[in-house]
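Open the model in your viewer and keep the sequence panel beside it. This tour goes stop by stop, with something to select at each one.

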Amino acid sequence: MTGTAGRRTGAARTTVAGGDRGSGTVLVLAGALVLLMLLATVVLLGAAATGGARAARAADLAALAGADVARGLAPGDPCTVAEQVARRNGAELTACRVVGADGTEVLVVVRRAVGGAAGETLEATGTSRAGPPR
């Protein structure tokens with residue numbers, strides 16, 4: 001058999017419609033934008049978790065220091081000492097109460113600034129109670 005049925009006579013051409021030219025670039029840029037937004041979200045969540053843990057730590061330490069004063073183990077006023085300890089841990093004491101049947105428990109609430117996105121400042125709060133076991 002002779003013939004040209006099995007032969008190719010020219011290179012295969014792919015035709016791109018005029019509206020599809022450059023669409024790969026747009027898709028890559030959109031994917032990069034989505035990844036950037038996800039990364040920013042992860043960073044913000046990490047900052048919030050870290051700030052919350054630091055606020056809780058400051059509240060715990062302030063309550064313990066105040067309870068030591070309330071129990072007579074250290075000199076001073078329980079809430080004044082708790083405020084000083086909170087400040088040394090980068091937090092602001094927003095509430096302090098000496099409670100308990102014999103006035104040896106201290107409840108504190110602290111607020112701590114946390115860096116947010118685009119320079120805005122978020123706040124984390126921590127609450128703690130310290131004193132003898134119940």
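Contact here means heavy atoms within 4.5 Å. Keep that cut-off in mind for every stop. One caution before starting: this is a predicted model.

**Overview**

Colour by secondary structure. You should find two helices and three strands. Along the sequence they run α-α-β-β-β. The protein has 134 residues, and 22% of them are buried. Now think about contacts between residues at least 6 apart in sequence: 44% of these join residues at least 24 apart.

**Stop 1: the helix pair**

Select residues 23-70 for helix α1 and residues 78-88 for helix α2. How do the two axes cross? They come within 8 Å of each other, at an angle of roughly 150°. That angle is over 145°, so α1 counts as roughly antiparallel to α2. The crossing of α1 and α2 is right-handed.

Next, show side chains where the helices meet. From α1, pick Leu61, Ala62, Ala65, Gly66, Val69 and Ala70. From α2, pick Pro78, Val81, Ala82, Val85 and Ala86. These two sets meet. What is the make-up of this contact between α1 and α2? Ten of its residues are nonpolar, one is polar and none is charged.

**Stop 2: two sides of α2**

Stay on α2 and keep Pro78, Val81, Ala82, Val85 and Ala86 selected; they are buried. Look down the helix axis. These residues cover an arc of only 135°, which puts them on the same side of α2. The spacing follows a general rule: an α-helix has 3.6 residues a turn, so residues three or four places apart point the same way.

What covers the buried residues of α2? The cover includes α1, strand β1 (92-99) and strand β2 (105-115). Now rotate to the other side of α2. Arg87 and Arg88 are exposed there.

Step past the end of the helix to Gly90, which follows α2. Its phi is positive, near 75°.

**Stop 3: Gly72**

Go back to the loop between α1 and α2 and select Gly72. Buried or exposed? Gly72 has 60% relative accessibility, so it counts as exposed. Draw a distance from its C-alpha atom to that of Thr104: you should read 8.7 Å, across 32 residues of chain.

**Stop 4: Ala55**

Move into helix α1 and select Ala55. Its relative accessibility is 0%, so Ala55 counts as buried. Set aside neighbours within four places in sequence. Ala55 is then in contact with Val110, Arg112, Ala124, Thr125 and Gly126. Add Asn89 to the view. The C-alpha atoms of Ala55 and Asn89 are 8.4 Å apart, though 34 residues separate them along the chain.

**Stop 5: Val108**

Finish in strand β2, at Val108. Why does it count as buried? Its relative accessible area is 1%, and the cut-off for buried is under 20%.

Which residues does Val108 touch, beyond neighbours within four places in sequence? Select Ala59, Ala62, Ala63, Ala82, Leu93, Ala95, Cys96, Gly126, Thr127 and Ser128. Two names in that set return from the helix pair: Ala62 and Ala82 are in contact with Val108, and they also belong to the residues where α1 and α2 meet. Gly126 returns as well, being in contact with Ala55 and with Val108.

Draw one last distance, from Val108 to Glu83. Their C-alpha atoms are separated by 9.1 Å, with the two positions 25 residues apart along the chain.

Methods: Residues numbered from 1 in each chain as written. Predicted model: local features only at pLDDT ≥ 70, side-chain atom pairs only at ≥ 80, totals over all residues. Heavy atoms only, no water. Axes fitted to C-alpha atoms, helices over the stretch in contact; angles between N-to-C directions. Helix = DSSP H or I, 4+ residues; strand = E, 2+ residues; numbered from the N terminus. Parallel < 35°, antiparallel > 145°, perpendicular 65-115°, else oblique. Left-handed = near helix turned anticlockwise from the far one by under 90°. Nonpolar A, V, L, I, M, F, W, Y, C, P; charged D, E, K, R; others polar. Buried < 20%, exposed > 50% of the residue type's maximum accessible area, 1.4 Å probe, protein only. Arc of directions from axis to C-beta.
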